[in-house]
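Here is a short, friendly tour of one structure, taken one region at a time. Have the viewer open and follow along.

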Amino acid sequence: SEERFKALHDASSGGVIIHDKGLILDCNQGLSDMTGFTNEELVGMDGLKLITPDWLDLVLRNIKSGHDKRYEVEGIRKDGSIYPLSIKGKNVGYKGRAVRVIEFWDITERKQAEELFVQAKGSLEKAQSSANIGNWEMDPITKKLIWSKQMFQILEVNPDEEPSFELYYSRIHPDDLAYVQEVGARVYADNEAAKAEYRLLMPSGSIKHIATEGNREFEGDEVVKLTGIVQDITKRKQAEEALRESEEQFKLVM
């Protein structure tokens with residue numbers, strides 16, 4: 001009934017439109033707050049005027065096809081300002097005819113948060129690069145493995161190659177392999193982080209020293225992700241060795 005639609009769309013925190021071939025038949029206060037138009041201005045308006053021209057073809061196709069999944073476009077307010085908009089529509093019966101109900105969601109804050117995340121990720125990658133730290137994560141169900149750019153650099157692997165534990169293990173020094181496999185098994189079995197230091201044997205024959213840590217991430221009792229970091233500590237190990245040799249020489253002199 002008309003009363004039911006009214007109660008539903010007035011309860012929404014987003015904008016709700018009931019339209020027939022684009023002509024707005026009714027809308028809620030949320031749409032007015034979002035767009036800057038009054039309710040009186042919106043009712044009877046062509047709803048496509050709330051969408052920027054670049055996105056009209058997509059919206060028209062989705063209206064025509066009855067598309068009912070959420071998608072993103074750009075909206076335009078009364079003052080001409082443009083904002084990111086999430087839309088979901090559904091064809092329904094209303095007052096004895098077929099109409100379309102549309103939900104509008106202003107996603108400006110989400111987009112800003114995503115941009116901040118991208119910037120923060122870029123800063124993190126720079127920091128990890130300076131510290132020679134790479135990171136990885138794996139889906140425990142699909143076994144899909146993702147490496148950061150620094151992981152490829154530490155392992156001296158072409159970025160075009162598919163990340164895999166087989167490839168990673170092929171870089172581990174043979175004398176350390178059994179130990180690493182034991183530590184790796186603890187990532188699956190224990191709730192606490194599994195830490196280790198060991199050597200990588202590179203294709204050139206050079207040796208790298210690395211420190212690693214692996215963790216499980218939970219949602220409730222379910223493991224949803226395995227994550228880890230790998231840090232190249234070769235220079236630190238070389239400095240420690242140089243210091244040890246100096247101390248030994250000093251003892252001999254004394």
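## The β1–β2 hairpin

In this predicted model, strands β1 (15-20) and β2 (residues 23-27) run antiparallel to each other and pair over four bridges. One of the pairings to look for joins Asp20 to Leu23, its bridge partner in β2.

The two strands make a hairpin, with two residues between them. Take a look at the turn, where Lys21 has a positive phi of about 55°.

## The cavity

β1 also appears in a second setting: it supplies at least two residues of the lining of the largest cavity, as do α4 (56-65) and β5 (97-106). A search of the whole structure turns up one cavity of 30 Å³ or more, and the largest cavity holds about 130 Å³ of space. Its lining comprises 13 residues, and those closest to the centre are His19, Gly47, Val59, Ile63 and Ile102.

What is the chemical character of this lining? Ten of the lining residues are nonpolar and three are polar, with no charged ones.

## Pro203 in its loop

Now move along to Pro203, which sits in the loop connecting β8 (194-201) and β9 (207-219). With a relative accessible area of 63%, Pro203 counts as exposed because that value is over the 50% cut-off.

Which residues does Pro203 touch, once neighbours within four places in sequence are left aside? The contacts are with Glu156 and Arg171. In the case of Glu156, the separation from Pro203 is 47 residues in sequence, while the C-alpha to C-alpha distance is 8.5 Å.

Notes:
Residues numbered from 1 in each chain as written. Predicted model: local features only at pLDDT ≥ 70, side-chain atom pairs only at ≥ 80, totals over all residues. Heavy atoms only, no water. Buried < 20%, exposed > 50% of the residue type's maximum accessible area, 1.4 Å probe, protein only. Contact = heavy atoms within 4.5 Å. 1 Å grid on protein atoms, 1.4 Å probe; cavity = no way out; pocket = protein on both sides within 12 Å on 5 of 7 lines; lining within 4 Å. Points joined across faces, edges and corners; volume = space filled by probe spheres on them. Nonpolar A, V, L, I, M, F, W, Y, C, P; charged D, E, K, R; others polar. Pairing = 2+ DSSP bridges.
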